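This report goes through strand pairing, helix packing, enclosed space and backbone geometry in turn. Please have the sequence and the coordinates open while reading.

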Amino acid sequence: MTTYQLADPITPEVAKELAHLEPHVQQLLFRRGVHTKKDADQFLSPNYETDLHDPALLHDIDAAVERILATMKANEQIVVFSDYDCDGIPGGVIGYDFFTAIGYEQFSNYIPHRHYEGFGLSVEAVEKLAKEGAKLIITIDCGVTDVEAVARANELGVAVIITDHHEPAAKLPEAVAVVNPKLGEYPFPDLCGAAVFFKLVQAVLTKGDFDVKPGWEKWWLDMVGVATIADMVPLVGENRTLAHYGITVLRKSRRPGLQQLLKKAKASQQHLTEDDIGFTLGPRINAASRMDTPEDAFYMLATRDEGEAGARVDHLEKLNQTRKTTVAQMTKEIHKRVNDLTEIPDVIVMGNVEWRPALVGLAANKLAEEHSRPVFLWGRDGNGAIKGSARAGGEVSVVKLMEAAADLFLEYGGHHASGGFTVKEEHTFTFGDELNQVYKAHGNDVVETHVETIDSHHSIHEPLTVLLKAQQQLAPYGVGNPKPLYGFKGVTPAQVEQFGKTKEHLKLLFETDSGKVEAIAFFATAASFTKTAKVGEKLTLLAHLEQSFFMGRLQTRLRIVDIQ
């Protein structure tokens, strides 16, 4: 259950400290715990030279650099082994760019297949790469818990360097180096996987003798920015600096695949924001591994050939469209099964061995929103395992629910609102009934109340450009730096309508002193919120303010969060 509370007003002491800033900016910074002039200036104007930590502080970094340089000196085969998601793939592109830039040819990229190989460095992958002549494997965004795979690599005479950001287990793999900001005394533990690898590249460039212009690696910050934002790590501290400069480079990036993808999606590279990464780049990069092979996205980003880039972009667009169609068909089947039920259970659990586990989360999200209750959907992966995704859809924490029903799962994890799981084979046909029994037995023990903070209340008649100018100074937004939430009390919609090809989106129109103001919500109806919006009836609107650049038009509008 989500409740809303108004942020505390800025104190006189902090207002005095931040007096050099506009009042809206002061309030937004205060709400985010920025209370001094020094911290405010650093937050608003990240400095690449001073706000990033020295890569030499990372755990095992010296051993990693030494082995990479020794392997290159011996002209042995290096494999950059990256995860298949929107953190690992950009990280793999950084690896490709690095070795290409320094002129080292004895390297290759390897990305495991989501459906058939699964997450992480596997024994099978190690054996395959050893057979092909690999002498050094460098992981990106995986490997910190893959003890068995690293042990097998050691048996086969293949050295392994792990770069990862996931939580280490009690026992670390016996690799040459485990480079992870959560180990040792690195000052910032929340880097994404691609950023950790970027730090390793910086260290290698510092120690090695390469014909590369100083600072050339900054061009690879576009991939660090994509990964940092798409992987939803906290956008504070070092991550904020990396995301800030990542977006700056993305707006100037020369990658033909990136340019053509944005053009085809009718997005502006020049005006690119974190929203474009989250809603345009991220889904298309992830579509590659969800629907086909992750290399499709990798080569789209890595290639410098205009023709190949165009073909890769076209293929990704088709995959993304196929993904949408497949999820729509899955959702249609689920709706039919739900409608056939005499009573909708407290926890909706459904599965089909033909469903791809990589796609069920998208359908679960929609179903959970529609029925305001937990949804668990599962499919069978390429290795025969029953895997799925869970979405809360209300006040129940899916993680607490899975913890209470731990005996049903081989593995599970996630957050209160969403999670993933693997079901034990013997529970496949009784999974739904057993999960509902656990829910009934635990009741309030699995409830999680979520509190959202309203940054400030405003009149709908205020010029939104003033608010927009203030909030743009704190971008990019994400985890740890949430997009400002505004309240507009006593507003009366002049129009309430559905739009889109199938009328799946909601639009409210308000007449104001400054002209018409549009408020939208995707995949929602007027009845989707706490109060049903009606023409001529007063309501309180809770919304984000956004500026979108679509099809050559810059538009300022409100994005509805709730109607009360």
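## The parallel sheet

The model is predicted. Thr163 has Val179 of β6 as its bridge partner. Strand β5, which covers residues 159-163, is joined to β6 by 3 bridges, and the two strands run parallel.

These two strands belong to an open sheet of 5 strands, ordered β3-β2-β4-β5-β6, in which the pairing is parallel. At its edges are β3 (107-110) and β6 (177-179), each of which pairs on one side only. On average, and with direction ignored, neighbouring strands of this sheet are turned by 20° against each other.

## The mixed sheet

A further open sheet, also described by 5 strands, follows the order β7-β8-β9-β11-β10, and its pairing is mixed. Its edge strands are β7 and β10 (409-414), each pairing on one side only. From one strand to the next, the twist averages 15°.

How do β10 and β11 run, parallel or antiparallel? They run antiparallel, and 5 bridges join β10 to β11, the strand of residues 418-423. Gly414 has Gly419 in β11 as its bridge partner.

## Helix packing

Two packed helices are described by the angle between their axes and the distance between the axes. Helix α9 (residues 221-230) packs with helix α10 (residues 237-250) at an angle of about 125°, and their axes are 7 Å apart. Angles over 145 degrees count as roughly antiparallel and those from 65 to 115 as roughly perpendicular; α9 and α10 are therefore oblique to each other. The crossing in which α9 passes α10 is left-handed.

Helix α9 also packs with α5: the two axes come within 8 Å and cross at roughly 165°. With the cut-off for roughly antiparallel set at over 145 degrees, α5 and α9 are therefore roughly antiparallel to each other. This crossing of α5 and α9 is left-handed.

A further pair is formed by α2, the helix of residues 23-31, and α18, whose axes cross at roughly 50° and come within 9 Å. Because angles count as roughly parallel under 35 degrees and as roughly perpendicular from 65 to 115, α2 and α18 are oblique to each other. In this case α2 passes α18 in a right-handed crossing.

## The cavity

How many cavities of 30 Å³ or more does the structure hold? There is 1, and the space in this largest cavity comes to about 30 Å³.

The lining of the largest cavity consists of Ile68, Phe98, Phe99, Ile138, Phe197, Leu200, Val201 and Val204. Divided by class, these are 8 nonpolar residues, with no polar and no charged ones. Helices α5 (88-101) and α8 (193-207) each supply at least two residues of this lining. Of the contributors, α8 gives the most, with 4 residues. Helix α5 thus appears twice in this report, here in the cavity lining and above as a packing partner of α9.

## The second largest pocket

The second largest pocket contains about 310 Å³ of space. It is lined by 16 residues, and the closest to its centre are Val349, Met350, Phe431, Gly432 and Asp433.

Strand β7 (348-351) and helix α17 (431-442) each supply at least two residues of the lining of this pocket. Strand β7 is also an edge strand of the mixed sheet. Which classes make up the lining of the second largest pocket? It has 9 nonpolar, 5 polar and 2 charged residues.

## Backbone geometry in two loops

Most residues other than glycine have a negative phi, and most peptide bonds are trans. Two loop positions are listed here against that background.

Asn75, in the loop between α4 (61-73) and β2 (77-82), has a phi near 55°, which is positive in a residue other than glycine. Strand β2, which follows that loop, takes part in the parallel sheet.

The peptide bond from Ala475 to Pro476 is cis, and its omega is near 5°. Pro476 is placed in the loop between α18 (464-472) and β14 (486-491). The helix before this loop, α18, is the one that α2 passes in a right-handed crossing.

Definitions and conventions: Residues numbered from 1 in each chain as written. Predicted model: local features only at pLDDT ≥ 70, side-chain atom pairs only at ≥ 80, totals over all residues. Heavy atoms only, no water. 1 Å grid on protein atoms, 1.4 Å probe; cavity = no way out; pocket = protein on both sides within 12 Å on 5 of 7 lines; lining within 4 Å. Points joined across faces, edges and corners; volume = space filled by probe spheres on them. Nonpolar A, V, L, I, M, F, W, Y, C, P; charged D, E, K, R; others polar. Pairing = 2+ DSSP bridges. Axes fitted to C-alpha atoms, helices over the stretch in contact; angles between N-to-C directions. Left-handed = near helix turned anticlockwise from the far one by under 90°.
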